[in-house]
Amino acid sequence: MASAAEQLAANMNFASFQKATELHKRIWFTIIALIVFRLGTYIPIPGIDAVAFESLFNGNSGGLLGMFNLFSGGAVQHMAIFSLNVTPYISASIIVQLMGSVYPPWEKLKKEGGEAGRKTLNQYTRYFAVVLAVVQSASIAFGLQAQPGVVVSGIGSAFFVASTVVALTGGTLFLMWLGEQITSRGVGNGVSLIIFAGIVARLPIVLGQMLVQAQTSGNYTPLFLIVFGCVAAILSIVFMERSQRRLLVHYPKRQQGNRMIGGESSFMPLKINTSGVIPPIFASSLLLLPTTAMQFISTTTLPAWLSWLPGVVGALQHGHPAFLVFYALLIIFFSFFYTSVVFNPEETAENLRKYGGFLPGIRPGKRTAEYLDYVLTRLTVIGAAYITAVCVAPELAMMAIKSNQFALGGTSILIVVTVTMDTVAQIQSHLLAHQYEGLIKKSKLRGGRNR
């Protein structure tokens, strides 16, 4: 027999959506916030010669700049104030979460600090994001100055560096704030939706370019192969993201006053991909860091003992075999790492024991925690393999056909599909909460009439 929540979910329709005025406000707030983000991708930083920079970008759009341009929603192409996007914030999140596992004071904050500890770690993340944004924006400013004709003549060197750092760092801080506002007052995860909006905004342009190339060459085979691969990737992502392992949980009967309560059974759903879209985002951010730094370092000034550095960093650029190997390894690492962060078997087993729940045939407490860890590890192996295949297989295909359309890569498709599914799930939960509120109001009105 279906539960009350499942029955309500089955009865949700357009009429119930029309009545959910609070959800309408959240959706409109999210849309307006994303429009503000898109407008910011067209506001250039001061002192840039647009024609000279466009020529520079077109000559390097197939590599690192192309990847940055994708995740920034086209902001890099215009050298806009949102060119850094939320990349510093993501990198800072990686640092704080890693430190939270190896640095005892932060580990204590994460495990025992509760809500206050979580807020403190979030504040540390913001501080690190500001530092990284300043460093990256300063590197970009010095790198632009080194390119002839990109900076408008007559602008002082110190003024250009200072204005670029202020503009790019301010843009990143604004996007961090905007993402938090979307999370709290809108629908979905704000940071993920900002990345999602940037990728989706590039899709029509990328598809148009591919169609023009196919018409010019008269060869439509690569286009069909890419479209077929994207459809297959979307279907596999939806199937795997909705897959879960359900563990049966029993609750024994107990007497409360003159009534017997409990004696029910429920399921504990464990997703195959508990870490979500975080592993490829973290892996991409980490791999972009050394190549970004190397873009703004003069190889002629390197000492002899560092002469190997440009070759190593060059091998880690997008499209090289070493990049794919490290990309796959980092995805697997972050799949296990982030799963351990978001799901604690000991805490879950303790919560089950407190409420009297138990897994059939397994003793509560330590044995339950060990069993949950065993099941979750096996699921994470499958999930990590699935994410790695989805992200790496399209990269291999694009290398084979010599395409550099990053918007149709595995990471981009995974982000778009996963964020879409999470946002739809949140909309459904808001609709479900609205229906519950309606039922409660009706029951109160009936109770008042009976009196």
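How many residues does helix α3 have, and how far does α3 reach from its first C-alpha to its last? In this predicted model, helix α3 runs over residues 21-40, which gives it 20 residues. From the first C-alpha to the last, α3 reaches 29 Å, close to the 28 Å expected at 1.5 Å a residue. The buried residues of α3 are Leu23, Arg26, Thr30, Ala33, Leu34, Phe37 and Gly40. Looking down the axis of α3, these buried residues fall within an arc of 115°, so they line one face of the helix. The other side of α3 has exposed residues, namely Thr21, Lys25, Trp28 and Leu39.

Helix α11 can be read in a similar manner. Spanning residues 221-242, α11 has 22 residues. Its reach from first C-alpha to last is 32 Å, close to the 32 Å expected at 1.5 Å a residue. Where are the buried residues of α11 found around the axis? The list to keep in mind is Leu223, Ile226, Cys230, Ala233, Ile237, Met240 and Glu241. Around the axis they cover an arc of only 130°, which puts them on the same side of α11. Turned away from that buried side is a face that carries the exposed residues Phe224, Leu225, Phe228, Leu235, Phe239 and Arg242.

Cysteines come next. Cys230, listed among the buried residues of α11, has a relative accessible area of 12% and is buried because the cut-off for that word is under 20%. Cys391 is buried too, with a relative accessible area of 0%. A search of the whole structure for disulfides finds zero.

Empty space inside the model was also examined. How many cavities of 30 Å³ or more does a search of the whole structure find? The search finds five, and the largest cavity has a volume of about 120 Å³. Its lining is made up of Phe71, Asn85, Val86, Thr87, Ile90, Ile195, Ile281, Ser284, Ser285, Leu288 and Ile415. Two helices, α6 (87-102) and α12 (278-295), each supply at least two residues of this lining. Helix α12 gives the most, with four residues. Sorted by character, the lining of the largest cavity divides into seven nonpolar residues, four polar and no charged.

One of the lining residues, Asn85, deserves a second look for its backbone. Asn85 has a positive phi of about 55°, although it is not a glycine. This residue sits in the loop between α5 and α6, and Asn85 counts as buried at 2% relative accessibility. The loop between α5 (64-71) and α6 also holds Met79. For Met79, phi is near 45°, again a positive value in a residue other than glycine. Is Met79 buried or exposed? With a relative accessible area of 5%, Met79 is buried.

A last example comes from helix α8 (residues 114-146), where Lys119 has its place. Lys119 counts as exposed, at 51% relative accessibility, because the word applies over 50%. How many residues apart in sequence are Lys119 and Leu109? They are 10 residues apart along the chain, and in space the pair is 9.6 Å apart, C-alpha to C-alpha.

How values were computed. Residues numbered from 1 in each chain as written. Predicted model: local features only at pLDDT ≥ 70, side-chain atom pairs only at ≥ 80, totals over all residues. Heavy atoms only, no water. Disulfide = S-S within 2.5 Å. Buried < 20%, exposed > 50% of the residue type's maximum accessible area, 1.4 Å probe, protein only. 1 Å grid on protein atoms, 1.4 Å probe; cavity = no way out; pocket = protein on both sides within 12 Å on 5 of 7 lines; lining within 4 Å. Points joined across faces, edges and corners; volume = space filled by probe spheres on them. Nonpolar A, V, L, I, M, F, W, Y, C, P; charged D, E, K, R; others polar. Expected span 1.5 Å × (residues − 1). Arc of directions from axis to C-beta.
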